[in-house]
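Please walk through the structure shown here, one feature at a time. The text below moves from charged pairs to rings, then to a pocket, the backbone and a contact across the chain.

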Amino acid sequence: MANEARKLQMAQVKLQKSLNQFITVMGTDAKNHFLRSFRNQGFEDETIKMWQPRKRSERGKSRAILVKSGRLRRSLRSNKRGSFSVVISTDVPYAQIHNDGVIISKKESKNLIYYREIATNIVTRNTLKRFAKRRGRNKATHAMEVTIGAHTIKMPKRQFIGHSRRLIDQLRMKLDKRIVNVFK
């Protein structure tokens with residue numbers, strides 16, 4: 001009887017150690033699962049839900065959706081919370097907008113735009129203008145006040161992090177293997 005109690009106690013210690021290690025593995029696996037969303041260009045739940053493509057490419061360049069500088073992708077963190085949980089998070093302010101999608105209503109506004117005159121068409125006498133970010137930068141020589149009317153911006157949902165059935169199933173299988181190995 002004492003021998004059985006000792007075996008059970010050793011199995012309990014072994015199980016606790018294995019579960020603590022599993023929490024770290026679980027965080028790494030979850031983070032990698034969500035990083036695959038950027039590579040797949042869609043979120044993997046039961047199937048891969050592909051992201052809506054961008055409306056236009058920038059000057060003919062094609063790049064991955066949600067990847068301009070890579071900041072959002074690099075910001076994913078795995079944080080252990082308590083004994084048996086892990087939180088995958090990001091500190092990038094625009095992450096939730098992309099993950100959930102949003103409709104933004106903008107009011108009418110007046111702004112200055114900066115430009116430089118680069119040539120004049122002799123026939124039509126229209127001046128060709130090249131726009132610049134600020135006066136002085138990119139050699140902007142003129143400014144013009146423009147009115148931008150009220151409008152809405154629809155940012156489509158491009159989920160990259162969240163509840164995933166496939167991830168849960170993979171983690172459950174790994175956990176089951178660890179528990180079985182403890183009692184071998």
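In this predicted model, Lys49 has a relative accessibility of 46% and so counts as partly exposed. Its side chain meets that of Asp45 in a salt bridge, with 3.5 Å from N to O. Asp45 is on the other side of the cut-off: its relative accessibility is 14%, which is under 20%, and therefore it counts as buried. This salt bridge thus joins a buried residue to a partly exposed one.

Side chains of opposite charge can pair when their charged atoms come close. The count of salt bridges in the model comes to six. Another of them is formed by Glu44 and Arg36, whose closest N and O atoms are 3.7 Å apart. Glu44 is buried, because its relative accessible area is 9%, while Arg36, at 24%, is partly exposed.

A further salt bridge lies within one helix. Asp169 pairs with Arg165, and the closest N and O atoms are 3.4 Å apart. Both residues belong to helix 4, where four residues, or about one turn of the helix, separate them. Asp169 has a relative accessibility of 34% and is partly exposed; Arg165 is also partly exposed, with a relative accessible area of 29%. Elsewhere, salt bridges with shared partners join Arg36, Glu44 and Arg166 into one network.

The next topic is the aromatic rings. How many aromatic pairs does the count come to? The count comes to three aromatic pairs. In one of them, the ring centres of Phe34 and Phe43 are 6.3 Å apart and the planes meet at 10°, so this pair is stacked. Phe34 and Phe43 are both buried. In another, the rings of Phe38 and Trp51 have centres 5.9 Å apart and planes at 80°, so this pair is edge-to-face. The pair of Phe38 and Trp51 links distant parts of the chain: Phe38 is in helix 1 and Trp51 is in the loop between strand 2 and helix 2, 13 residues apart. Phe38 has a relative accessible area of 3% and is therefore buried. Trp51, at 6% relative accessibility, counts as buried too. Ring pairs also bring in Phe160, which forms a cluster with Phe38 and Trp51.

Rolling a probe the size of a water molecule over the atoms shows where empty space is left. The second largest pocket holds about 160 Å³ of space. Which elements each supply at least two residues of its lining? They are helix 1, strand 4 (85-89) and helix 4 (165-182). Phe34, already met in the stacked pair, is one of the lining residues, and others include Met26, Ala30, Val86, Val87 and Ile88. Also in the lining are Gly162, His163, Ser164, Leu167, Ile168 and Leu171. Sorted by class, the lining has nine nonpolar residues, three polar ones and no charged ones.

The backbone comes next. Most residues other than glycine have a negative phi, and most peptide bonds are trans. Gln41 is not a glycine, yet its phi is positive, at about 60°. Gln41 lies in the loop between helix 1 (2-40) and strand 1 (42-44). Its relative accessibility is 16%, and so Gln41 counts as buried. Leu66 also has a positive phi, near 65°, in a residue other than glycine. The loop that holds Leu66 runs between strand 2 (48-50) and helix 2 (71-74). Is Leu66 buried or exposed? Leu66 is buried, because its relative accessible area is 15%.

The last topic is a contact between parts separated in sequence. Ser105 lies in strand 5, which covers residues 102-106. With a relative accessible area of 60%, which is over 50%, Ser105 is exposed. Ser105 and Thr152 are 47 residues apart in sequence, but their C-alpha atoms are 4.4 Å apart in space. Which residues does Ser105 contact, leaving aside its neighbours within four places in sequence? Beyond those neighbours, Ser105 is in contact with His151 and Thr152.

Notes. Residues numbered from 1 in each chain as written. Predicted model: local features only at pLDDT ≥ 70, side-chain atom pairs only at ≥ 80, totals over all residues. Heavy atoms only, no water. Buried < 20%, exposed > 50% of the residue type's maximum accessible area, 1.4 Å probe, protein only. 1 Å grid on protein atoms, 1.4 Å probe; cavity = no way out; pocket = protein on both sides within 12 Å on 5 of 7 lines; lining within 4 Å. Points joined across faces, edges and corners; volume = space filled by probe spheres on them. Nonpolar A, V, L, I, M, F, W, Y, C, P; charged D, E, K, R; others polar. Phe/Tyr/Trp six-rings, centres within 6.5 Å; stacked < 30°, edge-to-face > 60°. Contact = heavy atoms within 4.5 Å. Salt bridge = Lys/Arg side-chain N within 4 Å of Asp/Glu carboxyl O.
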